[in-house]
Amino acid sequence: MNKRGILKYTLTLYAFICLSSCMQGAKEAKNWLDASNQEEVKGKYTFMAEDGIKTYLPSVFKKYPLIEYQNVVKSLTTDEDYKQENRRLNLLRKMEGNFHIFYDKVTGSTYTINTLPYHPLSKRDAQYLLSMIRVNNEIFAEDSGLEFTKITAKYNAKFGPQIFKAVYRIDNTKNNVTSYNSTYIVSHNEKTVYIQLSTGYEVNFDPYLHKMIM
């Protein structure tokens, strides 16, 4: 994967605003966020026939058409956050390949997946990705007043799939709201996917990701 290819993935990150940050009372819900720490997580597969990929998600996630999801965002956020989320969605849609949105209305969590042209992912690529995420977050922080804190960043290719993972906490000090952005890029079986998970909680999503069939 060349640096130009990597860059187009990271361009969407700085515009990322967690929809769940505008949800009230979801912290009290007993849901998949608790179950994600268990060895055997429960969920369901969604087959993306055009890509030959099965993604595995908690059963509360529903696949949304873009317009329907935009209406949800508009009803739950401020005008400014709505504009920022639309900007992110437009960048994702412009990527080469297919784009899918899943949303959990109980927790306000959003999962997006882009299926991309295949690129092997090396450790060097992962290091470059992380540096670009850091730079983009710093730029966006200056304009938005948000604070970005890296929770974890990893690259793993020991078990077949090449996986890049980065998790950031996003603090809106003005509104006293915290959200989490998990980003994955996975290459396997000559397929590459780009995933973003937005939640209002720090969650270990890896058990669900590892069940994805590519």
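These legends go with a set of close-up views of a predicted model.

**View 1. The whole chain, before zooming in.** The protein chain is built from six helices and nine strands. Of its 214 residues, 50% are buried. Among contacts with a separation of 6 or more, 62% join residues 24 or more positions apart.

**View 2. Helix α4 and what packs over it.** Helix α4 takes in residues 79-93, and its end C-alpha atoms sit 21 Å apart, which agrees with the 21 Å that 15 residues should span at 1.5 Å a residue. Look here for the buried residues D81, Y82, Q84, E85, N86, R88, L89 and L92. What covers them? The cover includes two helices, α3 (66-76) and α5 (123-144), along with the strands β4 (98-104), β5 (109-116) and β9 (191-199).

**View 3. Helix α5, with a buried side and an exposed face.** With 22 residues, α5 reaches 31 Å from its first C-alpha to its last, close to the 32 Å expected at 1.5 Å a residue. Its buried residues are D125, A126, L129, M132, I133, N136, N137 and F140. These cover an arc of only 140° around the axis, so they end up on the same side of α5. As background, an α-helix has 3.6 residues a turn, so residues three or four places apart point the same way. Turn to the face away from the buried side and you meet the exposed residues K123, R124, Q127 and E142. Just after α5 comes G145, with a positive phi of about 80°.

**View 4. Q162, a buried residue in strand β7.** Q162 belongs to β7, the strand that runs over residues 162-172. Is Q162 buried or exposed? Its relative accessibility is 19%, and the cut-off for buried is under 20%, so Q162 counts as buried. Its side chain reaches the backbone nitrogen of L121 at 2.6 Å. Setting aside neighbours within four places in sequence, Q162 also touches P120, Y155, N156, A157, I185, V186 and S187, among its contacts. K123 is 39 residues away from Q162 in sequence, yet the two C-alpha atoms are 9.0 Å apart in space.

**View 5. The second largest pocket.** This pocket holds about 310 Å³ of space. How many residues line it? The lining has 17 residues, and N156, P161, I163, L209 and H210 are the ones nearest its centre. At least two lining residues come from each of β6 (146-156), β7, β8 (177-188) and α6 (206-209).

**View 6. The second largest cavity.** Two cavities of 30 Å³ or more turn up in the structure, and the second largest has a volume of about 30 Å³. Its lining is made of T55, Y56, Y111, F205, Y208, L209 and M212. Two or more of these lining residues come from β2 (53-57), and the same goes for α6.

**View 7. The loop between β8 and β9.** Here we zoom in on N189 and E190, both of which lie in this loop. Most residues other than glycine have a negative phi. N189 is not a glycine, but its phi is positive, near 50°. E190 is not a glycine either, and has a positive phi of about 60°. As for accessibility, N189 counts as partly exposed at 48%, whereas E190 is exposed, with a relative accessible area of 64%.

How values were computed:
Residues numbered from 1 in each chain as written. Predicted model: local features only at pLDDT ≥ 70, side-chain atom pairs only at ≥ 80, totals over all residues. Heavy atoms only, no water. Helix = DSSP H or I, 4+ residues; strand = E, 2+ residues; numbered from the N terminus. Expected span 1.5 Å × (residues − 1). Buried < 20%, exposed > 50% of the residue type's maximum accessible area, 1.4 Å probe, protein only. Contact = heavy atoms within 4.5 Å. Polar contact = N/O pair within 3.5 Å; in protein donor to acceptor, adjacent residues only side chain to side chain. Arc of directions from axis to C-beta. 1 Å grid on protein atoms, 1.4 Å probe; cavity = no way out; pocket = protein on both sides within 12 Å on 5 of 7 lines; lining within 4 Å. Points joined across faces, edges and corners; volume = space filled by probe spheres on them.
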